[in-house]
Amino acid sequence: MRITDIQRCEVRPGRLVEWTLSPATVARAALLPEDTRPPAYIQESHIRTARTVREGGLFVPTWLGAAFDVPGPVDLDALQSALREWTVRHETLRSGFREDGDALRRFTLDPGEVELHREVVGDFTDRAELVRHLQNRFDVAADALSWPNLIYTAVVRADGASVYMAFDHTNVDAYSIHRIPAEIHELYAAAVAGRALERPPVSSYIDFCEIERADADRIDEGHEIVARWREFIRRCDGTLPAFPVDLGLTAGGPLPEQKLMGEPLVDAGSAAAFEAYCRPHGGSLVGLLAATALIVREIGGQSVYRTVVPFHTRVRSRWSESVGWYVGGAPIEVPLDPAPDLPTALRLVRAQLQAARPLARMPLARVLKLLGADFRPTSPDLYSIVSYVDARDIPGSGQWAGQAAYGLIRVSYGDQVCVWVNRVPEGLWFACRYPDTDVARKNLRLYAERLRDIVVGVGAYA
């Protein structure tokens, strides 16, 4: 699935319809007793970061979403049935938090307590006006500091509808978003046909949160994982790593606005050749990180490339279909002096990833708490990332192009760089969120071009 923002996902005018949790559902949720299963550390960190930034006077939307088309004419009752059935199937979507001093207390609705409220917003003839409305609506309805924090919409036309769904990040990750189009299409087809869709229950992200947190709470400040993070942060001058090129930022300045770069990186043939070349060293993720290390040395003169690599934490198959935020981070540092060639960089990155990947299973928020450092962030991103997902085996990936399916990210404010490279049937798709400065724009454009050169040019190393 291609990652982009609401401005670039082929929005077309039509009649806008939206679904939110009904007032009766919200009222029932307000009376629910506490669900003793705790938040995940990553959820807690996200909510507290949003609170800190908000109290600093800045509203920074951070929602994720999905966009895809449904062929018409569209049966809105059937679409509503599909959206509701999908929502109640994934327990985290009917769960939220109440603040109790410094603690977050969970509450969770039973499936039978969830109803969707449908509203026809109106007809939009101007694309730009519709895009502005959707973004503003999602900013409010999928806010980390409110509940409910999800919203579903459809722009209905005679030939079909475009569905746009937005969620606060506490409930979804990129993999969750990638699975949405196929699941909704399957449920919608069943509803149109008037047949029940028999599906086994899916494991709950809330159960995962409880298990992961119990494991994390067993370690203390003397644990090896904590020691390794302590040393890594020490070598990063007491913080977590930013993208190691000049971004044109002023130390201590206000949080800058961000921009998005999104485009095809290489075609399917070049993506396959790159994967084949990198496979002996661990695959395309290793290749992209090795290429990034070489590029940041070229652009910024770095002698070491330090970064935190995101990994999914769906380590057991029971979580494979579950919607949730299953992400951890592993710190790596790649020596670049003397300047390595690509084969050497691949070996260095592979060794670092093999040594560091187990650290991704321990929530970083727990580690930082044990380190006792003040990591109360003023930015929604703790660190910069380069992420890679091979999405070709996700159900429905072959239909994404025909469905105009996109993963949506909100681009608002931030001083970090987040890069996502997705392997889709058409090749590699590149997306990057970066601070909106002339220097950052120039350096990230150079990064994307040099990354393309290296991916295409691997034949020179064969």
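Me: Why is D5 called buried in this predicted model?

Reply: Buried means under 20% relative accessible area. D5 comes in at 5%, so D5 counts as buried.

Me: Where along the chain does D5 sit, and what does D5 touch?

Reply: D5 is in the loop between β1 (2-4) and β2 (14-21). Leaving out residues up to four places away in sequence, D5 touches L260, L408, I409 and V411. A contact here takes heavy atoms within 4.5 Å.

Me: How far apart are D5 and P256, in sequence and in space?

Reply: In sequence, D5 and P256 are 251 residues apart. In space, C-alpha to C-alpha, the two are 18 Å apart.

Me: E10 is in the loop between β1 and β2. What makes E10 partly exposed?

Reply: Partly exposed runs between the two cut-offs, under 20% for buried and over 50% for exposed. E10 has a relative accessible area of 41%, so E10 is partly exposed. E10 also has a positive phi of about 60°, although E10 is not a glycine.

Me: And A404, which sits between β12 (385-390) and β13 (406-409): buried or exposed?

Reply: Set against the cut-off of under 20%, the 8% relative accessible area of A404 makes for a plain answer: A404 is buried. The backbone of A404 has a positive phi of about 50°, and A404 is not a glycine.

Me: Why is the pair of W319 and Y326 called tilted?

Reply: Two steps. Rings pair if their centres lie within 6.5 Å, and the centres of W319 and Y326 are 6.1 Å apart, so they pair. Then the planes: under 30 degrees is stacked and over 60 is edge-to-face. These two planes are at 40°, so the pair is tilted.

Me: Which aromatic cluster do W319 and Y326 belong to?

Reply: Y205, F208, W319 and Y326 form one aromatic cluster. W319 and Y326 are both buried. For the whole count, there are 13 aromatic pairs.

Me: Which peptide bonds are cis, for P148 and P338?

Reply: The bond from W147 to P148 is cis, with omega near 0°. P148 is in the loop between α4 (127-141) and β7 (150-157). The bond from D337 to P338 is cis too, with omega near 5°. P338 is placed in the loop between β11 (327-335) and α10 (342-356).

Me: Zooming out, what does the secondary structure of the chain come to?

Reply: Twelve helices and 15 strands.

Me: What makes the chain as compact as a globular protein of that length?

Reply: The globule rule gives 23 Å for 462 residues, and the radius of gyration is 22 Å, which is close to that, so the chain is as compact as a globular protein of that length. Along its principal axes, the C-alpha trace spans about 65 × 50 × 45 Å.

Me: How many of the residues are buried, and what does the chain expose?

Reply: Buried residues make up 55% of the 462. The chain exposes about 19,300 Å², with carbon and sulfur atoms supplying 50% of it.

Me: How do you know that contacts join residues at least 24 apart in sequence?

Reply: Take the contacts between residues at least 6 apart in sequence: 82% of these join residues at least 24 apart.

Me: And how many charged side chains are there, positive and negative?

Reply: The chain has 52 positive and 60 negative side chains. The centres of the two sets lie 3 Å apart.

Methods:
Residues numbered from 1 in each chain as written. Predicted model: local features only at pLDDT ≥ 70, side-chain atom pairs only at ≥ 80, totals over all residues. Heavy atoms only, no water. Helix = DSSP H or I, 4+ residues; strand = E, 2+ residues; numbered from the N terminus. Rg over C-alpha atoms; globule rule 2.2 N^0.38 Å. Buried < 20%, exposed > 50% of the residue type's maximum accessible area, 1.4 Å probe, protein only. Areas by Shrake-Rupley, 256 points an atom, 1.4 Å probe, with all protein chains shown as cover. Lys, Arg positive; Asp, Glu negative; His and termini not counted. Charge placed at Lys NZ, Arg CZ, Asp CG, Glu CD. Phe/Tyr/Trp six-rings, centres within 6.5 Å; stacked < 30°, edge-to-face > 60°.
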